Every structure is written in C-alpha cells, then in structure tokens.
Amino acid sequence: MTSPTVYMGGALPPDNGLRIGTAVSFTNNVVVVQVAGSTVNCGFLEGSTVVVGQPVALLRGESSWLCLGRVST
C-alpha cells in the first residue's frame, strides 16, 4: 500500500486549478460561471449557496469544474 501524495505550502498538483469567477446562472444541475473571459459549466456541492452576479470559487480537475460556493465579499 502506498501513501497518497501530499501537497504542502498551498501548492496544487499541475492538473488542478483554483479560480474565482462570477456566477452567470444557477439551475438544479449546473452553475454557469464566467472565468477569465469564458463561461464554464460547473457541478456544485450540495447545499451550496450561489447568487447570480456574485463571485464563486471554482476547482478544476482535468477537464471538469466544481463550484465550491459563493465567496464572501
């Protein structure tokens, strides 16, 4: 059995990215977010509060995006 890779000091693995974007729309299945001049469709965590027009935190893993929720301003 091998130990999982641990990333220290805030470093993320090269295929992941943490971004901040602006929620454009929110439905039961998807959050559409504008980030870096483009829009992306994201899954979201159950119970997340997303408000259209507000900043949200996104986590990218390979070609998928996950909305972590609204960023307080």
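Student: In what order do the elements of the chain run from the N terminus on?
Tutor: Happy to start there, with the reminder that this is a predicted model. The chain holds 0 helices and 5 strands. From the N terminus on, the order is therefore β-β-β-β-β.

Student: How do β2 and β3 pair, and over how many bridges?
Tutor: β2 covers residues 31-35, and β3 covers 38-44. The two strands form a hairpin with 2 residues between them. V32 stands opposite N41 in β3. The pairing of β2 and β3 is antiparallel, and the number of bridges is 5.

Student: Which residue in the turn of that hairpin has a positive phi?
Tutor: Look in the loop between β2 and β3. The residue in question is not a glycine, yet its phi is about 55°. The turn residue with this positive phi is A36.

Student: Is A36 buried or exposed?
Tutor: The cut-off to keep in mind is that exposed means over 50% relative accessible area. A36 has a relative accessible area of 65%, so this residue is exposed.

Student: Why is β2 described as largely enclosed by the rest of the structure?
Tutor: Here it helps to go through the strand residue by residue, counting a residue as buried when its relative accessible area is under 20%. β2 has 5 residues, and it is largely enclosed because the number of them that are buried is 4.

Student: Where does S48 lie, and is it buried or exposed?
Tutor: S48 sits in the loop between β3 and β4, the latter spanning 55-61. Its relative accessibility is 17%, and the limit for buried is under 20%. S48 therefore counts as buried.

Student: Which residue has its backbone oxygen 2.7 Å from a polar atom of the S48 side chain?
Tutor: Leaving aside neighbours within four places in sequence, S48 is in contact with C67, L68 and G69. The partner you want is found in the loop between β3 and β4. The backbone oxygen at 2.7 Å belongs to L45.

Student: How much accessible area does the nonpolar patch that includes L45 have?
Tutor: L45 has 39% relative accessibility, so it counts as partly exposed. L45 forms this surface patch with L18, L59 and L68. Together the four residues have an accessible area of about 320 Å².

Student: And for the whole chain, what share of the exposed area do carbon and sulfur atoms supply?
Tutor: Buried residues make up 25% of the 73 residues in the chain. The chain exposes about 5,100 Å², and the share from carbon and sulfur atoms is 52%.

Terms used:
Residues are numbered from 1 along each chain as its sequence is written. This is a predicted model: local features need pLDDT of at least 70, side-chain atom pairs count only at pLDDT 80 or more; totals for chains, interfaces and linings use all residues. Side-chain values use heavy atoms; hydrogens and water are left out. Buried means under 20% relative accessible area, exposed over 50%, partly exposed in between (1.4 Å probe, protein chains only). A polar contact is a pair of N or O atoms within 3.5 Å; within protein, one must be able to donate a hydrogen and the other to accept it, and residues adjacent in sequence count only if both atoms are side-chain atoms. Contact means heavy atoms within 4.5 Å. Two strands pair if DSSP finds at least two bridges between them. Patches are made of residues with over 30% relative accessible area and no salt bridge: like charges are joined within 9 Å, nonpolar side chains (Val, Leu, Ile, Met, Phe, Trp, Tyr) within 5 Å. Accessible areas come from the Shrake-Rupley method with a 1.4 Å probe; for residues, only the protein chains shown count as cover. A salt bridge is a side-chain nitrogen of Lys or Arg within 4 Å of a carboxyl oxygen of Asp or Glu.
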